[in-house]
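Student: I am new to this structure and would like to go through it step by step. Could we begin with the ligand and then turn to the backbone?

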Amino acid sequence: MTELKPARILAIETSCDETACAVIENGRELLASTVASQMEIHARYGGVFPEVASRQHVLAITPVIEQTLAAAHLSLGDVDAIAVTRGPGLAGSLVVGVNAAKGLALGTGLPLIGVNHLEGHLYSAWVYKTGDAPPDEPEFPLMALLVSGGHSELNLMTGHLEYERLGGTQDDASGEAFDKVARMLGLGYPGGPAIQKAAEGGDPNRFNFPRAKLDAPWNFSFSGLKTAVLREVRDLEKKSSTLPVTDLAASFQAAVVDVLFDKTMEAAREFNAKEILIAGGVSANQALRQAFLNQDEFKVHIPPLSLCTDNAAMIAAAGYYRFAYGQTSPLDMDVQATWPLS
Ligand code: KG4
Ligand code: ZN
């Protein structure tokens, strides 16, 4: 492999409800990362309230950038390019980050790099904190499972920035299913961590929820599972005033994990992948992580917990590879609320 040019990238991420900034060296070494979460504000509404999210980004963006540069002991003059999440995400949220990045690029003359948020999630597997030993770099061809609040898909990565999309969800994303089922069980927002916690003491075999096998083998479907949980909850409520929340959470989580794990393993075998990568908010799930760690057929790359949910370190990492391959963006770049990886 040819050596890529060294560069230091500052990245901004505002696609949903986290205002984030990070600085990364050579695509992997994380010098500083700040994530200002709006979770508590949106929890009141049971989900992300788009206009509130945009306005919170407006308030947080400048302090978050300043704090990140201060933590890295750097100024803008020490940076080689500005990366920013261009999409997919909430348009009103993306606009705040993209305009901030344009302002920095215009003021400094540095190149601007628009990054796909999904590509960012995948590149979180390359990142390590400065001072830590670098983990092994993922090797291609790589079977990548991307599971977040808005996406659940399998991509074969054949090289840097090269993706063959094998399939995705036909209805709900896995993170969305976690959030909706958590609401049914009265567990609050965000649902993923709440279900995981409730599932800890539960019996994953008490309820045999469906594991959707589809004609398109690399697609996912989680709406049938969600409906099955709802039906079970309604039946149980007729019989008793207290729900077995821990067993319901554990059985639901087990069904999601089985499907994600089995399909990824099958796809890795079918497409002769060398290794597996999992990324996105749902990859923070302990049961899912454990399923992959318990097998030794494939080496698996799983980002540390802090890099699974939204952050700017992953955008800086992906931005570095785009920059190193000469792919910068014009200053009149628009946001792209819907933007498939390939
Ligand atoms: O990647 P992410 O932070 O944002 C998007 O790009 O969507 O993913 C957020 C999703 C939410 O649906 C959240 O419930 C889920 O990731 N999530 C989890 C866990 N932590 C976050 N799902 C299951 N278990 C978790 N521990
Ligand atoms: Zn995300």
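Tutor: Helices here are DSSP runs of H or I with at least four residues, numbered from the N terminus. Please keep in mind that this is a predicted model.

Student: Which helices each supply at least two residues of the shell around ligand 1?

Tutor: The shell is made of residues with a heavy atom within 4 Å of the ligand, and 18 residues surround ligand 1 in this way. The helices that each supply at least two of the shell residues are helix 4 (117–123), helix 5 (174–184) and helix 6 (191–199).

Student: Which helix gives the most to the shell around ligand 1?

Tutor: Among the closest residues to ligand 1 are Gly 192 and Gln 196, and helix 6 spans 191–199. The helix that gives the most, with 4 residues, is helix 6.

Student: Why does ligand 1 lie between two domains, and which domains are they?

Tutor: The space that ligand 1 takes is the largest pocket. Residues of the shell come from both domains, so ligand 1 lies between domain 1 (8–127 + 307–324) and domain 2 (142–302).

Student: How many residues of the shell around ligand 1 are polar?

Tutor: By class, the shell around ligand 1 has 4 nonpolar and 2 charged residues. Glycine is counted among the polar residues here, and the number of polar residues in the shell is 12.

Student: What share of the area that ligand 1 exposes when taken alone does the protein bury?

Tutor: Let us take the polar contacts of ligand 1 before its area. An oxygen atom of ligand 1 is 2.7 Å from an N or O atom in the side chain of Asp 179, and an oxygen atom of ligand 1 is 3.1 Å from a polar backbone atom of Gly 175. A nitrogen atom of ligand 1 has a polar side-chain atom of Asn 285 at 3.0 Å. Taken alone, ligand 1 exposes 550 Å², and the share of this that the protein buries is 88%.

Student: Where does Pro 190 lie?

Tutor: The peptide bond that leads from Tyr 189 to Pro 190 is cis, with omega near -5°. As for its place in the chain, Pro 190 lies in the loop between helix 5 and helix 6.

Student: What is omega for the cis peptide bond from Gly 87 to Pro 88?

Tutor: Pro 88 is found in the loop between strand 4 (81–87) and helix 3 (91–108). The bond from Gly 87 to Pro 88 is cis, and its omega is near -15°.

Note on methods. Residues numbered from 1 in each chain as written. Chains lettered and ligands numbered in written order. Predicted model: local features only at pLDDT ≥ 70, side-chain atom pairs only at ≥ 80, totals over all residues. Heavy atoms only, no water. Polar contact = N/O pair within 3.5 Å; in protein donor to acceptor, adjacent residues only side chain to side chain. Areas by Shrake-Rupley, 256 points an atom, 1.4 Å probe, with all protein chains shown as cover. 1 Å grid on protein atoms, 1.4 Å probe; cavity = no way out; pocket = protein on both sides within 12 Å on 5 of 7 lines; lining within 4 Å. Sits in = over half its atoms within 2 Å of the grid points. Domains from an automatic or database assignment.
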